[in-house]
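Here is my note on the model you sent round, set out as numbered points. Please read it with the structure open beside it.

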Amino acid sequence: TLSDRLTGVFDRLRGRGSLNEQDVRDAMREVRVALLEADVALPVARSFIDKVTEKAVGSQVLKSVTPGQQVVKIVNDELVAMLGGEGEDGAQAAPLLLDAKPPVVIMMVGLQGSGKTTTTAKLGRLIREKHGKKALMASLDVNRPAAQEQLKVLGEQVDVATLPIVAGQQPVDIARRAMESARLQNSDVLLLDTAGRLHVDEALMAEMKAVAGVSVPTEVLLVVDSLTGQDAVNVAKSFSDEVPLTGVVLTRMDGDARGGAALSMRAVTGKPIKFAGTGEKLDAIEAFHPGRVADRILGMGDVVSLVEKAAAVVEKEDADRLAKRMMQGKFDMNDLRMQLKQMQNMGGLGMLAGMLPGMKKAKAAMAASNMDDKVLVHMDAVIGSMTAKERANPALMNAKRKKRVAAGSGTSVQEVNKLLKMHQEMGRAMKQIKKMGGLKGLGALFG
Ligand code: GDP
Ligand code: MG
């Protein structure tokens, strides 16, 4: 997986001073293979790598991160940008355009089996429930037997009206009738579910153009199955060459799609991905979330693996020593001091929190407990003022000793108490981690 490869990149880059061209090229080779494995189309992967390389070579490595982490950050940021993400965690998705003269026409196009009809019904439901607008749905699929029936049944399930079926009508005529009906019924939105073929052909494209000609759609949404990977790219290219797409819907994102289709789709059509289908149920649709998909492509969505990466920064001997002590149920002030040092080495708590995408909760918790880098320095001073005996056995710390240590470290008794409490809590957390089976349990600390 990509995360394994990037871990490999991490290992090789760790400890080097800056991002020189060779480092970046080595890293990019891995990223390239990983992108291809995630089903990103070759030309898309190539241009992506070029962009990232240009950004990465010669860029200043922040003092608090390893070059490997820096590269991953650049790769992640570029992925989010390429997926059309904006905002802090790339959560922004392009909205559905509904602010035109009613009936606003939304035309769904795509291959057979891509999920057009299902998505039409899902959008009908969204438009009724979320936008509070009146929708009419019409199936123009005259190729597939019972295709129009299918939409009618789905319409009943989502409580959205469908155009009555008239046998023998051609798609363009159905589109005209749907427009008229939508006007008469004062529908705000008209959803046109068009026919698909197994492959893109001229007849299909001619039909799409003709339907677009009579209905003048505000949105032309290409529906693609995210599991079809490379094929999806060719489909997207053919459609976007022929009909004026306004957006893409990626279906079956609930499957094991690795997100590569999303990156390709966006690059090939230049159009925003507006929704992701996440299941067969009619409420299984979400606004597309570029940040989340970038995580998926990178294989970094899972907090545990991220924490493992953060933990990998810890010197190996120290980690081994700590693990041994944990197994013995020992964790004294010397161990805590080592932990605090490592936190500082990793760039402090802000950096650690920053590495975890979407970890707003962890960040907020740290801010709330005033755990900033200054606190780390104070804590180190407190431990430094303790005697060797006190460090080995913090239970010795009575009121008199606390006062002495506070004075010696230039802090306060409250701060000494805070440290002692933190030591207790960490000791408890480590027992918990041991119970949960080692480092993997660390994720729970941030959950
Ligand atoms: P169409 O030929 O393009 O109209 O495709 P359909 O809407 O008939 O969908 C084909 C199949 O894909 C149906 O069984 C749907 O339930 C299923 N489907 C559609 N979207 C999704 C999705 O997002 N996730 C999953 N798991 N199945 C989907
Ligand atoms: Mg259909």
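1. In this predicted model, the buried residues of helix α9 pack against β1 (104-109), β5 (219-225) and α10 (260-269). The buried residues in question are Ala232, Val233, Val235, Ala236 and Phe239. They cover an arc of only 165° around the axis, and therefore they sit on the same side of α9. Helix α9 itself takes in residues 230-242, 13 residues in number, and reaches 19 Å from its first C-alpha to its last, close to the 18 Å expected at 1.5 Å a residue.

2. Helix α7 can be read in a similar way. For its 14 residues (171-184), a rise of 1.5 Å a residue gives an expected span of 20 Å, and the end C-alpha atoms are 20 Å apart, which agrees. Buried in α7 are Pro171, Ile174, Ala175, Ala178, Met179 and Ala182. Because these residues cover an arc of only 140° around the axis, they are placed on the same side of α7. What covers the buried residues of α7 includes β2 (135-139), β4 (189-193) and α8 (202-215), whereas Glu180 and Leu184, on the other side of α7, are exposed. Just after α7, Asn186 takes a positive phi of about 55°.

3. Helix α3 (residues 42-56) has 15 residues, which should span 21 Å at 1.5 Å a residue, and its end C-alpha atoms are indeed 21 Å apart. Its buried residues are Val44, Ala45, Phe48, Ile49, Val52 and Ala56. An arc of only 130° around the axis holds them, so they lie on the same side of α3. The face turned away from that buried side carries Pro43, Asp50 and Glu54, which are exposed. Just after α3, a positive phi of about 80° is found at Gly58.

4. Is Val75, in contrast to the outer face just described, buried or exposed? Val75 is buried, because 27 other C-beta atoms lie within 10 Å, where 20 or more are needed for a residue to count as buried. Its place is in helix α4 (residues 67-82). Leaving aside neighbours within four places in sequence, Val75 is in contact with Val31, Val52 and Leu298, and Val52 is one of the buried residues of α3. The C-alpha atoms of Val75 and Ala56, 19 residues apart along the chain, are separated by 8.8 Å.

5. Which residues come nearest to ligand 1? Of the 17 residues around the ligand, these are Gly115, Lys116, Thr117, Thr118 and Gly277. Helix α5 (residues 116-129) gives the largest share of the shell around ligand 1, with 3 residues. Sorted by class, that shell has 1 nonpolar, 12 polar and 4 charged residues.

6. An unreviewed UniProt entry places the feature "domain: SRP54-type proteins GTP-binding" at residues 272-285. In the model, the end C-alpha atoms of residues 272-285 lie 16 Å apart, and the span is 0% helix and 43% strand.

7. As for the chain as a whole, there are 21 helices and 8 strands, and buried residues make up 41% of its 447 residues. Among contacts between residues at least 6 apart in sequence, 75% join residues at least 24 apart.

Definitions and conventions: Residues numbered from 1 in each chain as written. Chains lettered and ligands numbered in written order. Predicted model: local features only at pLDDT ≥ 70, side-chain atom pairs only at ≥ 80, totals over all residues. Helix = DSSP H or I, 4+ residues; strand = E, 2+ residues; numbered from the N terminus. Expected span 1.5 Å × (residues − 1). Buried ≥ 20, exposed ≤ 12 C-beta atoms within 10 Å, placed from the backbone. Arc of directions from axis to C-beta. Contact = placed C-beta atoms within 7 Å. UniProt positions renumbered as here; feature names shortened; annotations may be inferred. Near = placed C-beta within 6 Å. Nonpolar A, V, L, I, M, F, W, Y, C, P; charged D, E, K, R; others polar.
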